[in-house]
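Subject: Structure handover

Hello,

Please find the structure below, followed by notes on what was found in it.

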Amino acid sequence: MPIYEYQCRGCGHQFEYLVLPGSPAAACPSCQHEDLQQLISLCSVSSESTRQSHLNSARKKAGEVHREKQHEEHKLMHHDD
Ligand SMILES: [Zn+2]
């Protein structure tokens, strides 16, 4: 479930808001303002880094396959057994 972090533009209060299906629009708990600025939530940061590490391991895998292929070509060029 996504938890969003907001800062109220009215009073500057920062709060987390858990968005549930059918929940009302987020409002500042201290002044009830709905003029909010959404801050970067911890959820989106962690999913971003997960995506990054998936990308890195995919790149690593591609590199391994490439090395394997070069090795095969090397064996084909040198038929000495
Ligand atoms: Zn407020």
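Two strands are taken to pair if DSSP finds at least two bridges between them. By that rule E1 and E2 pair in the antiparallel sense, over five bridges. Please keep in mind throughout that this is a predicted model.

Overall fold

The protein has three strands and one helix, and along the sequence they follow the pattern β-β-β-α. Besides its pairing with E2, strand E1 is joined to E3 by four bridges, and E1 and E3 run antiparallel. Gln 7 shows both pairings: its bridge partner in E2 is Gln 14, and its bridge partner in E3 is Gln 37. The hairpin of E1 and E2 has five residues between the strands, and Gly 12 in that hairpin takes a positive phi near 80°. Of the 81 residues in the protein, 10% are buried. Among contacts between residues at least 6 apart in sequence, 35% join residues at least 24 apart.

Zinc site

Which residues bind the zinc ion as protein donors? They are Cys 8, Cys 11, Cys 28 and Cys 31, each through SG, and they lie 2.3 Å from the ion. Their spacing in sequence is C-x2-C-x16-C-x2-C. The angles subtended by the four donor atoms run from 103 to 118°, so the arrangement is tetrahedral; the criterion asks that all angles lie between 85 and 135 degrees. For reference, the ideal angle for four tetrahedral donors is 109.5 degrees.

With cysteines at the site, disulfides were also looked for: a search of the whole structure finds zero.

The accessibility of the donors was checked as well. Cys 28 has 0% relative accessibility and therefore counts as buried. Cys 8 is also counted as buried, because its relative accessibility is 3%. Cys 31, at 31%, counts as partly exposed, since that class covers values between 20% and 50%.

Core

Two of these donors, Cys 8 and Cys 28, recur in the largest nonpolar core. That core has seven residues in all: Tyr 6, Cys 8, Phe 15, Tyr 17, Ala 26, Cys 28 and Leu 36. The elements giving two or more residues to this core are strand E1 (3-8) and strand E2 (14-18).

Cys 8 is also in contact with residues farther along the sequence. Leaving aside neighbours within four places, its contacts are His 13, Cys 28, Cys 31, His 33, Asp 35 and Leu 36. Among them, Cys 28 and Leu 36 are core members too.

Two further residues

Gln 32 has a positive phi of about 65° although it is not a glycine. As a rule, most residues other than glycine have a negative phi. Gln 32 is found in the loop between E2 and strand E3 (36-39), and its relative accessibility of 56% means that it counts as exposed.

Is Glu 16 buried or exposed? Glu 16 has 53% relative accessibility, so it counts as exposed. Its place is in strand E2. Not counting residues up to four places away in sequence, Glu 16 touches Ile 3, Tyr 4 and Glu 5. Glu 16 and the zinc donor Cys 28 are twelve residues apart in sequence, with a C-alpha to C-alpha distance of 9.7 Å.

Regards

How values were computed. Residues numbered from 1 in each chain as written. Predicted model: local features only at pLDDT ≥ 70, side-chain atom pairs only at ≥ 80, totals over all residues. Heavy atoms only, no water. Donors = N, O, S within 2.8 Å, 3.2 Å for Na, K, Ca; no water. Tetrahedral: all angles 85-135°; square planar, octahedral: opposite > 155°, others 65-115°. Buried < 20%, exposed > 50% of the residue type's maximum accessible area, 1.4 Å probe, protein only. Core = buried A, V, L, I, M, F, W, Y, C linked by side-chain atoms within 4.5 Å. Contact = heavy atoms within 4.5 Å. Disulfide = S-S within 2.5 Å.
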